[in-house]
Amino acid sequence: MEKNKRMYRGLGVTFGVAMLAVGCGTTNKTTSQATLTTTPDGKTSGAESGAQAKQWKNALVRFAQADPATGSSALYFGDLKIFSDVAFKTVTPYLPVPAERHEFKLGLGGDGAAAVAAKDSEGLSAGKHYTVLSMTDQDGKHTLAKLSDDLTAPAAGKAKIRVINAVPTNVGDVDVFQGENKLFFGIAMASASAYKEVDPTMVHMEVHRKDNKSIVLKTKDVELAAGRFYTILVMGDKQGRLDSLNVEDQLLPPQ
């Protein structure tokens with residue numbers, strides 16, 4: 001009980017679950033500013049800074065539910081239920097979670113009581129941001145993946161963009177193009193690209209099979225603004241139809 005109290009102490013923002021949403025190997029530094037997340041339906045959610053979370057020995061975690069086979073589900077970290085009733089194509093706000101090592105567990109049913117569908121033992125670093133991705137793999141098996149979120153500010157006049165590959169089909173690794181320009185290449189299933197700094201512009205991307213001219217998806221248009229972060233989540237439904245969902249993060253002015 002005392003641990004749960006410590007988790008939320010000092011958290012001065014109000015959260016609202018937002019309809020959706022890094023990668024392994026990307027930088028994940030502690031931020032000194034609070035963040036605001038905006039999703040395609042216009043909903044927003046706020047989170048404390050990484051520095052504030054670190055004071056309480058917490059990390060900041062959100063849950064991206066890209067698993068069409070689970071329906072509404074829950075996410076646990078050890079015995080702690082972090083999120084419940086998370087629907088398909090939803091990403092939660094960031095919440096503080098103890099910076100410890102436990103198993104992330106995907107619980108079926110809104111409260112997670114029906115069954116544990118997937119497990120992933122992970123360690124969390126205090127003050128860092130993470131997205132935990134739920135999806136199905138090529139064999140239809142439920143999968144959890146911890147992705148690191150690098151919310152350090154881009155260079156002046158630039159935006160940051162990345163792509164998460166959550167396609168549960170035989171598409172495999174993907175390359176991502178903007179016109180003739182290859183933005184990302186070889187993004188493996190259940191992983192994310194590193195963030196790429198780009199000029200503010202309207203982006204319409206094509207997702208290709210790796211090293212193949214075959215286009216599997218044309219993403220929704222995304223208008224990039226300087227100083228902000230964009231995550232493009234590429235995913236599929238039960239029928240194998242692909243879609244893209246966009247989420248925007250920004251750093252709030254220091255208080």
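Visitor: Which residue in β3 does T38 stand opposite?

Guide: This is a predicted model, in which local features need pLDDT of at least 70 and side-chain atom pairs count only at pLDDT 80 or more, while totals for chains, interfaces and linings use all residues. Residues are numbered from 1 along each chain as its sequence is written, and side-chain values use heavy atoms, with hydrogens and water left out. Strands are DSSP runs (E, at least two residues) numbered from the N terminus, and two of them pair if DSSP finds at least two bridges between them. Strand β2 (residues 35–38) and β3 (residues 44–47) pair in the antiparallel sense over 4 bridges, and the residue opposite T38 is T44.

Visitor: Which residue of β23 stands opposite T35?

Guide: Strand β2 is also joined by 4 bridges to β23 (residues 242–251), and the two run antiparallel. T35 belongs to the covered face of β2 together with T37, whereas L36 and T38 make up the uncovered one. In β23, the residue opposite T35 is L251.

Visitor: In what order do the 4 strands of the open sheet lie?

Guide: The pairing in this sheet is antiparallel, and its edge strands, each pairing on one side only, are β6 (80–86) and β10 (115–123). Neighbouring strands are turned by 15 degrees against each other on average, direction ignored, with axes fitted as lines to C-alpha atoms and angles running from 0 to 180 degrees between N-to-C directions. The order is β6-β5-β9-β10.

Visitor: Which residue in β6 stands opposite F77?

Guide: Strand β5 (residues 73–77) runs antiparallel to β6, and 4 bridges join them. Opposite F77 in β6 stands L80.

Visitor: Why does D137 count as buried?

Guide: D137 lies in the loop between β11 (129–136) and β12 (142–149). Buried means under 20% relative accessible area, exposed over 50% and partly exposed in between, with a 1.4 Å probe and protein chains only. D137 therefore counts as buried, its relative accessibility being 16%.

Visitor: Which backbone nitrogen lies 2.8 Å from a polar atom of the side chain of D137?

Guide: Leaving aside neighbours within four places in sequence, D137 is in contact (heavy atoms within 4.5 Å) with T143, P168 and M189. Within its own loop region, a polar atom of the D137 side chain lies 2.9 Å from the backbone nitrogen of D139. The backbone nitrogen at 2.8 Å from a polar atom of that side chain belongs to K141.

Terms used: A polar contact is a pair of N or O atoms within 3.5 Å; within protein, one must be able to donate a hydrogen and the other to accept it, and residues adjacent in sequence count only if both atoms are side-chain atoms.
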